[in-house]
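Please look over the structure below. We will start at the ligand and work outward.

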Amino acid sequence: MVRLEDVLESNSRIASELPPGLVAVFVGATSGIGRATLLRFASHVTKPRIYFVGRSEVKAGQVLAELNKVNPSGTYHFLKADVGLLRNVDKVTEEIKAKESRVNLLFLTNGTLIFGTKTEEGLHYAAAVSYYARVRFITNLLPLIKDAPGLRRVVSVFVAGKEGVVFPDDLQGNTVPFRQQIAHAATMTTLSLEAAAREAPQVSFIHNFPGRVSTDLIRGEGEAWFLRVMNVLFRIASPLICMSHEECGQRHSFLATSAMYSPAQSGDGDGVVLRSEQEKARSITGSVGAGVYSILSDGQSVGPEIEHLLAKFRSDGYVERIWANTKADIKQVTGS
Ligand SMILES: NC(=O)c1ccc[n+]([C@@H]2O[C@H](COP(=O)([O-])OP(=O)(O)OC[C@H]3O[C@@H](n4cnc5c(N)ncnc54)[C@H](OP(=O)(O)O)[C@@H]3O)[C@@H](O)[C@H]2O)c1
């Protein structure tokens, strides 16, 4: 377990160890885990330029007001977009590319629990929001992340540690039994980060599980009835079982900046230096500091059992297969 005091200590050195003017892109930061992290991250960095993406202008306005309070030296841009549509992801990333030549951090929390509907582009909605949009953000912005000085990182907050069965030829999960959907989504997320990392060894890639955090994830807008019932129970129990937004923001700022999760090709993009008694995290290959991480809510790696499973998928060619099928599905929608 990475102790909260170690997280806070490392975060207190962000301003002195990372260069001023870091550029960060947060997708899904108008609420929940993304919002908590965005506000905490902004409070730690010097003169950041931050872009955050979501649909709700009202919530974005509140976030902007808070950002200007926690760090008035930063520049903040809200980009309104429904990222369930990949053409909107392309539009948003083009807007960012028009303004920036480098991106230090891509932090992804866009997610939904609405299953069983399709986007007008023909993708399963949950997969479009939580998987394809994330991959498209990564591939569109990777050239800018690869060249960024000081920090080069992608964090995808989702369901790390739940890796298990995966259906590489049905990435949208149309035929995946409900009880296997989480394992399927977790595995393709982790393996897609491994594929992206092969093209960018100077960037570190983290898929993490945030723990239980009381958020707006279930909004009563089309989720299954039992999820809505679970949500009511979850909210009642949340003071006892959930991580506070403050701790969540600090822990995710640590994930976003600590050299514990360094890229395979170590260098000036590693992040905030570890103290001598601290150790780098095990990557999904089982080696320390190898650039792709599946991380639990306590900040530690998933460990040998899942590493073993992922090694089997790797040797069976699943990384290439999932990546090729992902690109083919995206190409079918976007034409590129
Ligand atoms: N909370 C937990 O306990 C927990 C546990 C495990 C995993 N997770 C995962 O963590 C991630 C973040 O969840 P959260 O709990 O922070 O949920 P949340 O509060 O609902 O945040 C999700 C964010 O995604 C954005 N979003 C959703 N659909 C979008 C769309 N079509 N286009 C653009 N933005 C969209 C939302 O913004 P707008 O509403 O402005 O569009 C919001 O900012 C999710 O992937 C979730 O599965 C959460």
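The paragraphs below go from the ligand to a helix contact and then to a single residue. Keep in mind that this is a predicted model.

Start with the ligand. The shell around the ligand holds 30 residues. Those that come nearest are Thr-30, Ile-33, Arg-55, Thr-215 and Arg-219. By residue class, the shell divides into twelve nonpolar, twelve polar and six charged residues.

Now look at the oxygen atoms of the ligand. A backbone N or O atom of Val-213 sits 2.9 Å from a ligand oxygen. For Gly-32, a backbone N or O atom is 3.4 Å from an oxygen atom of the ligand. Arg-134 takes part through its side chain instead: an N or O atom there lies 3.1 Å from a ligand oxygen. How much of the ligand does the protein bury? Taken alone, the ligand exposes 880 Å², and 94% of that is buried by the protein.

Which elements give two or more residues to this shell? They are helix 3, residues 32-44, and helix 6, residues 125-146. Helix 6 provides the largest share, with three residues.

Follow helix 6 away from the ligand. Helix 6 also packs with helix 11, which spans residues 318-334. The two axes are 11 Å apart, at an angle of about 90°. Angles of 65 to 115 degrees count as roughly perpendicular, so helix 6 is roughly perpendicular to helix 11.

Which residues make this contact? Helix 6 supplies Tyr-131, Tyr-132, Val-135, Arg-136 and Thr-139. From helix 11 come Ile-322, Trp-323, Thr-326, Asp-329, Ile-330 and Thr-334. Together, the residues of the contact divide into six nonpolar, three polar and two charged.

Finish with one residue of this contact, Asp-329. Asp-329 belongs to helix 11. With which residue does the side chain of Asp-329 make a polar contact? The partner is Tyr-132, side chain to side chain, at 2.6 Å. Tyr-132 is also among the helix 6 residues listed for the helix contact. Leaving aside neighbours within four places in sequence, Asp-329 is in contact with Tyr-132, Leu-171 and Gln-172.

One more distance helps place Asp-329. Its C-alpha lies 15 Å from the C-alpha of Ile-138. In sequence, Asp-329 and Ile-138 are 191 residues apart.

To retrace the route: helix 6 gives residues to the ligand shell and packs with helix 11. Asp-329 of helix 11 then makes its polar contact with Tyr-132.

Definitions and conventions: Residues numbered from 1 in each chain as written. Predicted model: local features only at pLDDT ≥ 70, side-chain atom pairs only at ≥ 80, totals over all residues. Heavy atoms only, no water. Near = heavy atom within 4 Å. Polar contact = N/O pair within 3.5 Å; in protein donor to acceptor, adjacent residues only side chain to side chain. Areas by Shrake-Rupley, 256 points an atom, 1.4 Å probe, with all protein chains shown as cover. Helix = DSSP H or I, 4+ residues; strand = E, 2+ residues; numbered from the N terminus. Nonpolar A, V, L, I, M, F, W, Y, C, P; charged D, E, K, R; others polar. Axes fitted to C-alpha atoms, helices over the stretch in contact; angles between N-to-C directions. Parallel < 35°, antiparallel > 145°, perpendicular 65-115°, else oblique. Contact = heavy atoms within 4.5 Å.
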